[in-house]
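Subject: Structure handover

Hello,

Here is the structure you will be working with next. My notes on it follow below, grouped by region.

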Amino acid sequence: MDSVLDLPLPQGSHIQAYADDIIVVIRANEFYSKRSGLFRKNYYGAIEPYLLFGVGAWGNRLKLKKIRNSLNSLQRRPLIKITKAYRTISTEALQVVAGVVPLDIKPKGVFGKFLLTTINNDIKFGSKIFKWEDYETRLDPHNIYPADNISIIYDKHKPSGEEIEIYTDGSKINDQVGAAIVVFYYNAEIFNKTIRLSDFATVYQTKVTGIQMTLEFISTIEPWNKINLYTDSLSVFEALNTFKTSKQEILAIKNDILEMSKEKSITLHWIQAHTGIQENETADSYAKKATIRPNIEKIPKKSFNQLKNAISNV
């Protein structure tokens, strides 16, 4: 005999589960009529990305009025749900009331970012020109040979004070940015290096720079029994641990570690910041001093998020 499971769901929804069939009936109009905020999230998280899917292939057709009108027409119905407005209101008014970028304008920015970061073309918005050389190039993971998709593992072991231990850190103070490494041999400091980055650099980029500086140092020393690298940047280690990446600098670090590991034992460790590890506090102190160095010594490429913000502000 079929059994029926009646579950309490949000008002306007009902589900019945049978032995071999599941029937889901959702009265969308009733459900979203009292939850316009939820529908707004669905719009940004599902509807708009769906409508803009593949813009890299059709973005050059945005100059056609027919395409622009079609996009705004598709956007109209979700905006009525969000604003709870009358159907007679104009699409332009709906876009203003909802605070949503018109769908004939949004893909221009998306297409522009695609051209700049993927095709390596300069783009122009308004009177401002964006040079592709100034921004991070995004790699297509599908264009990377599967065998080259590697993962660099790390652990959370605390320092032992043995062999070579290298600590990295980055800092941003008063809109000035710096990175540093400090090297210890059996708890005795034997080397340090600081570098100031461009003021627009992010804290994440300082952490990446610290790893790069560490690898530069490791390349100058003879093969060693064991080299321990410590940092409090979990985001960078997670990026290295992920098999696929769209960031050129992360891929380069992976390849450098893999190559150096043929002759040297390199182990990565994540540690929490400001937990009483004196060597890490020393690295933090050097990073802060790096922010006040007189000259900028490294100009990293601007991040994808910085590009998005710059285009949005045009």
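**The sheet**

Strands S6 (164-173) and S7 (176-185) run antiparallel and are joined by 10 bridges. Before going further, please note that this is a predicted model. Within the S6-S7 pair, Asp169 has Ala180 in S7 as its bridge partner.

S7 also pairs with S8 (188-197), again in the antiparallel sense, over nine bridges. Here Val177 stands opposite Leu197 in S8. Eight of the 10 residues of S7 are buried, so this strand is largely enclosed by the rest of the structure.

On another side of the pairing scheme, S6 runs parallel to S9, with four bridges between them. Ile164 stands opposite Ile227 in S9. S9 covers residues 227-231 and pairs with S10 in the parallel sense over five bridges. Ile227 stands opposite Ile266 in S10. S10 itself, residues 266-270, is mostly covered, with four of its five residues buried.

Put together, these strands make an open sheet of five with the order S8-S7-S6-S9-S10 and mixed pairing. Its edge strands are S8 and S10, each of which pairs on one side only. Neighbouring strands in the sheet are turned against each other by 20 degrees on average, if direction is ignored. Helix H8 packs on this sheet and touches S9 and S10; the direction of H8 makes about 135 degrees with that of S10.

**The two hairpins and their phi values**

What sits in the turns? The hairpin of S6 and S7 has two residues between the strands, and Asn174 there takes a positive phi near 50 degrees. Asp175 lies in the loop between S6 and S7, and its phi is also positive, near 60 degrees. Asp175 is exposed, with a relative accessible area of 59%.

The hairpin of S7 and S8 likewise has two residues between its strands, and Tyr186 in the turn has a positive phi of about 50 degrees. Asn187, in the loop between S7 and S8, has a positive phi near 75 degrees. With a relative accessible area of 47%, Asn187 is partly exposed.

As background to these values, most residues other than glycine have a negative phi. Asp175 and Asn187 are residues other than glycine, so you may want to look at both when you check the backbone.

**Ala201**

Is Ala201 buried or exposed? Ala201 is buried, with a relative accessible area of 0%. This residue is found in the loop between S8 and H7. Leaving out residues up to four places away in sequence, Ala201 touches Lys172, Val177 and Pro300. Of these, Val177 is the residue that stands opposite Leu197 in S8. The C-alpha atoms of Ala201 and Lys298 are separated by 9.5 Å, although the two residues are 97 apart along the chain.

**Helix pairs**

Helix H7 (residues 203-218) packs against helix H8 (residues 234-241) at an angle of about 65 degrees, and their axes are 9 Å apart. This crossing is right-handed. From H7, Tyr204, Lys207, Val208 and Ile211 meet Ser235, Val236, Phe237 and Ala239 in H8. By class, the residues of this contact are six nonpolar, one polar and one charged.

The other pair is H4 (residues 65-83) and H5 (residues 91-98), whose axes come within 9 Å and cross at roughly 50 degrees. H4 and H5 are therefore oblique to each other. H4 passes H5 in a left-handed crossing. Asn72, Gln75, Arg76, Leu79, Ile80, Ile82 and Thr83 in H4 meet a set in H5 made up of Thr91, Leu94, Gln95, Val97 and Ala98. The residues of this contact divide into six nonpolar, five polar and one charged.

Regards

Key: Residues are numbered from 1 along each chain as its sequence is written. This is a predicted model: local features need pLDDT of at least 70, side-chain atom pairs count only at pLDDT 80 or more; totals for chains, interfaces and linings use all residues. Side-chain values use heavy atoms; hydrogens and water are left out. Buried means under 20% relative accessible area, exposed over 50%, partly exposed in between (1.4 Å probe, protein chains only). Two strands pair if DSSP finds at least two bridges between them. Axes are lines fitted to C-alpha atoms, for helices over the stretch in contact, and angles run from 0 to 180 degrees between N-to-C directions. Angles under 35 degrees count as roughly parallel, over 145 as roughly antiparallel, 65 to 115 as roughly perpendicular and the rest as oblique. A crossing is left-handed if the near helix is turned anticlockwise from the far one by less than a right angle, and right-handed if clockwise. Contact means heavy atoms within 4.5 Å. Ala, Val, Leu, Ile, Met, Phe, Trp, Tyr, Cys and Pro count as nonpolar, Asp, Glu, Lys and Arg as charged, and the others, Gly among them, as polar.
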